[in-house]
Every structure is written in C-alpha cells, then in structure tokens.
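Visitor: I'd like a close look at one part of this model, the open sheet and whatever packs around it. Could you walk me through it strand by strand, with the residues named?

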Amino acid sequence: MIERLSLNSLKFFYYVATEGSVTVAAERLYVTQSAVSRQIKNLEDLLNITLFERKNKSLILTTEGKVLLDCCRHVFNQLDNCIVSISQQKYKNNNLILSCEPTISMKWLIPRMVKFNELNLGFGITLLTGGGPLDFQTQNIDLAIRRNDFTWGDHIFSTKIADEFMFLVNAHQQNPSNLLLSTSRPKFNNYLMKKYPEFSELITIELDHFYLCIEACLSGLGQTVVSGFMIESELENDFVQMEKFLHVDNSAYYLFASTPFEEDDRKIIFRDWLIKEMQSTRQNLSNKFGFPK
C-alpha cells in the first residue's frame with residue numbers, strides 16, 4: 001500500500017480536512033480546486049473508502065476520514081520536527097566567522113555571547129577582531145561589524161544595526177584637565193574639537209584604541225570620549241560617570257556579508273539578534289541618563 005500512496009494526496013487531504021473547504025485548501029496550496037478534488041478522489045479510490053460526506057456544499061469528515069486526519073497530523077508533525085532537526089544539524093559545528101572592531105568586541109559583544117549561545121540555535125559565532133575595509137575571501141570571514149566610515153561596493157551586502165552615540169565620561173572627576181582620545185577615529189576627533197571648543201583647552205592624550213582610553217580613564221588618567229556601547233558596563237556599575245552626551249558622531253554600525261543574508265538563515269538570525277541587543281543597550285542607557293533614543 002505505502003509504495004502506491006502519494007504523500008501529495010495526503011497533504012491535499014490534510015488541508016481540505018483542516019480548512020473544511022476545497023477552495024481554501026487550493027488557495028493555501030497555490031493550486032486549482034480541480035487539482036485538489038482530483039487528489040482527494042484518487043486517495044479515496046486507492047483506499048477504497050469515503051473520506052468526506054458532502055452536505056449542502058459543506059465537507060464533513062467520515063469516521064474513516066477522522067482517523068486518517070489524526071494519522072496525518074502525527075506524521076506531518078514528525079516530518080516538521082525531522083526537517084528542523086536536519087536544518088539545525090547542517091549548522092552544527094559550522095560556526096559563522098565574524099570580524100568585529102576590537103573594543104566593541106571586548107566591551108559589548110563578548111559579554112553577550114553567553115546569551116546568544118543559550119538560545120541553542122544549532123550554530124555559534126567564531127569572533128575575530130579587525131577593522132577597516134573588507135575582503136571576505138582573503139580575511140576568510142562570513143560576517144563583519146563595522147561603522148559606515150568607509151566606502152563599500154555593490155558586491156558587499158549590508159544591514160544597518162544601530163546608530164552610534166558618544167559620551168564624555170570620567171571616573172569620579174579624576175584629572176578633568178586631561179582628555180583621552182582614541183586615534184582610531186581621527187575624523188571624529190577633529191569634528192569633536194570644532195563642535196566643542198572647550199575641549200581644545202584640555203590636555204589631549206592620544207591612545208591607539210578606545211579600550212585603552214577606557215582603562216586609562218578608570219585608572220584616573222583623565223576623562224575620555226567613548227561610544228555608549230563600549231562603556232555600558234562601567235556606566236551601569238557606576239565605575240564612571242557621564243559628564244556629557246555628545247551629538248557629534250553621525251555614524252552607525254552595520255553588519256556586512258559577501259552574499260545576501262536571505263541565503264543563509266544563520267545570518268538572518270544573528271542580524272536580528274544584534275539589532276535587538278543594540279537597541280536594548282541604547283534604550284537602557286537612555287532611560288538612565290535621559291538622552292534621546
């Protein structure tokens with residue numbers, strides 16, 4: 001019997017029985033009503049039973065039809081579980097390789113990777129630190145988090161994750177005459193001095209990376225200008241205090257890929273998770289310090 005039974009016929013029967021209508025089932029299956037009716041007739045002929053009673057243009061399941069519907073629900077549910085399992089197995093031990101700027105990696109992303117792993121999505125993230133322009137082949141990466149401070153071609157696919165926002169922070173008013181700046185954003189530093197002339201009166205100390213500026217600030221060497229994403233933990237734990245919210249960085253964080261995100265479910269899942277987490281960070285700090293969301 002099984003070798004002669006069409007899974008397609010069972011699927012058509014399942015939709016008709018569930019919807020109680022050949023018309024609705026045909027719409028759900030994107031086929032004609034006659035195709036659905038033909039499959040039901042073939043199934044009834046093969047099983048030599050009547051599956052539906054037709055009364056006043058309504059379809060009512062027979063006793064045999066109800067038994068078959070229960071079987072279909074059981075079988076299709078098992079098939080769904082099997083397909084999900086196979087899909088997850090495909091990505092098992094097949095991590096996405098992500099390139100991300102060093103300070104964002106250390107201060108924001110890595111502390112959240114435990115939460116991501118706890119979702120048990122069947123894949124993980126292998127993190128590499130890096131910045132600047134992208135070459136997915138030579139860098140051997142699947143995804144990259146960067147700000148939009150460089151030009152990328154049409155061969156690179158991108159999704160905006162979150163706007164950047166900057167704070168002037170200090171560790172309990174230590175050495176307020178010193179201003180610690182990262183050399184990784186020279187354009188930003190030049191704009192900062194033009195936008196806030198009072199900063200030019202401070203003693204500027206330049207360090208290679210933002211995480212060095214944060215550590216120097218915590219050590220009492222001066223105040224620093226840093227991304228809200230990079231300083232979230234220190235602000236939440238009152239290790240530093242916010243001196244000023246700065247409306248000076250018009251950049252944003254983007255997630256980049258060499259192929260369309262829609263071609264890989266893992267990339268879509270990670271992208272959506274990133275957007276949600278970065279929105280949460282900005283929301284939390286906005287609620288605490290009252291700057292625009």
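Guide: Sure, here's a tour that begins with the sheet, goes into its strands, and ends with some helices. Keep in mind that this is a predicted model.

Let's get the layout down. The sheet is open and has five strands, in the order β4-β3-β5-β12-β6, and the pairing is mixed. The edge positions belong to β4 (125-129) and β6 (157-163); each has a single partner strand, so one side of each is left without a neighbour in the sheet. As for twist, neighbouring strands are turned by 25 degrees against each other on average, direction ignored.

Now zoom in on β5, which covers residues 143-147. On one flank, β5 pairs with β12 (residues 252-257) in the antiparallel sense, over five bridges. If you want pairs to click on, I145 has L255 of β12 as its bridge partner, and R146 stands opposite Y254, again in β12. With β3, β5 runs parallel, and three bridges join the two. There, C100 has I145 of β5 as its bridge partner. So I145 is a handy residue to select: it is the bridge partner of C100 and is also bridged to L255.

How enclosed is β5? Five of its five residues are buried, so the strand is largely enclosed by the rest of the structure. Buried here means under 20% relative accessible area. Split by face, L143, I145 and R147 lie on one side, with A144 and R146 on the other, and both faces are covered. Note that the buried set includes the arginines R146 and R147.

What packs on the sheet? One element to look at is helix α11 (residues 265-289), which touches β3 (96-100), β4, β5, β6 and β12. The direction of α11 makes about 20 degrees with that of β6.

Staying with β6, pick out A162, which is found in that strand. A162 has a relative accessible area of 11%, so it counts as buried. Leaving aside neighbours within four places in sequence, A162 is in contact with F229, A252, Y253 and M278. For a C-alpha distance to check, try A162 to K276: these residues are 114 apart along the chain, and their C-alpha atoms are separated by 9.4 Å.

Next, a helix pair. Helix α9 (residues 210-218) and helix α10 (residues 228-236) pack at an angle of about 25 degrees, and their axes are 11 Å apart. The two are therefore roughly parallel to each other. The crossing of α9 past α10 is right-handed. On the α9 side the contact uses F210, I214 and L218, while α10 brings M230, I231 and E234. By class, that contact has five nonpolar residues, no polar ones and one charged.

One last stop is N189, found in helix α8 (residues 186-195). Is N189 buried or exposed? It's buried, with a relative accessible area of 8%. Beyond its neighbours within four places in sequence, N189 is in contact with L181, S182 and T183.

Definitions and conventions:
Residues are numbered from 1 along each chain as its sequence is written. This is a predicted model: local features need pLDDT of at least 70, side-chain atom pairs count only at pLDDT 80 or more; totals for chains, interfaces and linings use all residues. Side-chain values use heavy atoms; hydrogens and water are left out. Two strands pair if DSSP finds at least two bridges between them. Helices (H or I, at least four residues) and strands (E, at least two) are DSSP runs, numbered from the N terminus. Axes are lines fitted to C-alpha atoms, for helices over the stretch in contact, and angles run from 0 to 180 degrees between N-to-C directions. Contact means heavy atoms within 4.5 Å. Angles under 35 degrees count as roughly parallel, over 145 as roughly antiparallel, 65 to 115 as roughly perpendicular and the rest as oblique. A crossing is left-handed if the near helix is turned anticlockwise from the far one by less than a right angle, and right-handed if clockwise. Ala, Val, Leu, Ile, Met, Phe, Trp, Tyr, Cys and Pro count as nonpolar, Asp, Glu, Lys and Arg as charged, and the others, Gly among them, as polar. Buried means under 20% relative accessible area, exposed over 50%, partly exposed in between (1.4 Å probe, protein chains only).
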